[in-house]
Amino acid sequence: MKTKPSHASHYLLEGAAVLLLLLLGVALGTLHVTRPPAYYKTGASTQEETVQGQITAVLQEETTQDESGLTQIFQVLEMTLLSGSHQGETVEITYNGLGPTLRDVRFEVGERALIMITQRPDGQLFFAVADHVRLFPLAALALLFALVTVLVGRWQGFRALVGLGLSMVLIGGFILPEILANRDPVLASIVGMAMLTAVTLYLIQGWNAIAHTALLGILASLAVTGAMAVAWTSLIHLTGFGSEETLYLQATGVTLNMRGLLLAGIIIGAAGVLDDVVLAQAVTAFELVAANPTLHFRELYQRSMKIGNAHLASMVNTLVLAYASAALPLLILFTLYQEPWYLTINRELIAEEIVRTLVGSLGLMLAVPLTSALASWAAPRLAGKESETIETS
């Protein structure tokens with residue numbers, strides 16, 4: 001027999017979602033309004049300026065190859081500055097480049113380059129080529145990504161792009177300013193990512209029981225992941241100073257809570273994959289009930305877990321490969337300068353990545369049964385109310 005939709009269950013689920021959203025909104029608003037002035041502010045240096053320039057002539061060029069096969073190039077470039085306080089001026093700049101091929105390092109007439117202008121103690125200006133200008137191909141790639149997302153995902157693809165924009169706004173407009181104001185990075189990242197996942201979830205899925213169920217699963221999983229991250233980083237004595245970036249921040253006088261930054265990074269990284277897994281589990285349960293209304297909690301949970309386990313295996317592997325790809329030069333370095341494996345994994349730089357990977361994976365694995373249980377309870381009670389929503393989402 002088909003289970004009749006329960007209005008009480010619907011109101012209970014919707015009420016819980018509304019309450020959580022209100023609590024998140026109050027927490028985010030309170031943190032934003034009461035945020036103290038930033039301890040560390042950005043500012044332009046009066047001694048250094050980076051501008052764009054266009055090559056008008058190559059006055060001299062020499063190329064060689066080193067023993068490893070890398071191409072070395074020496075050029076004297078005539079350039080017109082396109083921006084900054086010296087816009088319109090023409091200068092000659094000596095450039096030395098090193099790369100795998102000549103095309104990667106050579107500058108040709110008509111190309112643009114980033115020029116670093118430094119004022120010496122005697123007042124003279126020094127011009128140096130800092131890098132190629134990559135803005136146009138990057139913009140083309142971003143446009144291609146947006147077009148494919150909309151063409152394949154249609155309306156949901158467009159909403160996903162809006163969610164991506166909100167992610168950048170929330171991280172840059174809330175989480176980073178909170179951290180720079182010397183607020184607890186863990187608190188800022190949990191509140192910020194919880195609100196972000198909630199907003200993007202409803203933006204993509206709509207206001208319905210599936211989204212309510214997924215929201216409860218995401219917030220529970222995010223809380224568990226944050227608690228595990230705090231516990232394990234403390235137990236393993238991680239300080240947050242395992243990477244060159246944190247050491248550079250410390251050397252420049254920035255005394256933020258580096259362990260907190262490590263924890264915030266783990267939470268943000270986990271949130272990025274949690275929403276995918278949790279939403280998939282919620283949709284799975286409602287789809288199963290729509291296909292077979294006679295399913296009850298136990299059987300529905302078991303079937304959902306079978307699908308979730310298959311999804312989970314690929315997601316955990318994705319996490320590991322993502323972290324391995326980012327640390328590939330480091331892995332090669334440790335391969336070349338071999339030492340006992342137990343010494344390698346004991347180094348904080350490696351231990352941080354291990355904790356990041358395993359805690360994120362644990363959060364994913366716990367999210368599957370948590371969300372499956374919630375969705376298996378909600379779907380039979382609300383399947384009738386959500387059948388049209390699933391078809392049109």
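This is a short talk through the overall build, the cores, the sheet and the largest pocket of one protein chain.

Okay, hi everyone. Before we start, this is a predicted model, so to speak about local features we need pLDDT of at least 70, and side-chain atom pairs count only at pLDDT 80 or more, while totals for chains, interfaces and linings use all residues. Residues are numbered from 1 along each chain as its sequence is written, and side-chain values use heavy atoms, with hydrogens and water left out.

Let's take the whole chain. It has eleven helices and five strands. Those are DSSP runs numbered from the N terminus: H or I over at least four residues for a helix, E over at least two for a strand. The C-alpha atoms fill a box of roughly 85 × 50 × 50 Å along the principal axes. Of the 393 residues, 37% count as buried. Buried is under 20% relative accessible area, exposed is over 50%, and partly exposed is in between, using a 1.4 Å probe and protein chains only.

Now, the cores. A nonpolar core here is a set of buried Ala, Val, Leu, Ile, Met, Phe, Trp, Tyr and Cys residues joined through side-chain atoms within 4.5 Å. The largest one has 64 residues, and Phe174, Leu201, Leu215, Leu222, Phe286 and Leu364 touch the most other members. Several helices supply at least two residues each, including H1 (7-33), H3 (135-180) and H11 (348-392). Which helix gives the most to this core? That's H7, with 15 residues. Zoom in on Leu201: leaving out residues up to four places away in sequence, Leu201 touches Gly206, Ala211, Ala214, Leu215, Ile218 and Leu279, where a contact means heavy atoms within 4.5 Å. Apart from that big core lies another one, of 16 residues, among them Met79, Val105, Phe107 and Val129.

Next, the sheet. It's open, with five strands in the order S3-S2-S1-S4-S5 and antiparallel pairing. Two strands pair if DSSP finds at least two bridges between them. S3 (90-99) and S5 (125-132) stand at the edges with a single partner strand each, so one side of each has no neighbour in the sheet.

Look at the middle of that order. Eleven bridges join S1 (residues 48-65) to S2, and ten bridges join S2 (residues 71-81) to S3. For some actual pairs, Glu62 stands opposite Phe74 in S2, Leu77 has Ile93 in S3 as its bridge partner, and Thr80 has Thr90 in S3. The hairpin of S1 and S2 has five residues between the strands, and there Gly69 takes a positive phi near 95°.

One residue to click on is Gln72, in strand S2. Is Gln72 buried or exposed? Kind of in the middle: at 34% relative accessibility, Gln72 counts as partly exposed. Beyond four places in sequence, Gln72 touches Glu62, Thr63, Thr64, Asp66, Gly97 and Leu98. Gly99 is 27 residues from Gln72 along the chain, yet their C-alpha atoms are separated by 6.8 Å.

Last up, the largest pocket. On a 1 Å grid over the protein atoms alone, a pocket is an open set of points where a 1.4 Å probe fits, with protein on both sides within 12 Å along at least five of seven lines; lining residues have an atom within 4 Å of a point. Of the 22 lining residues, Ser243, Glu245, Leu349, Glu352 and Glu353 are the closest to its centre. H6 gives the most to the lining, with five residues. That's my tour, thanks!
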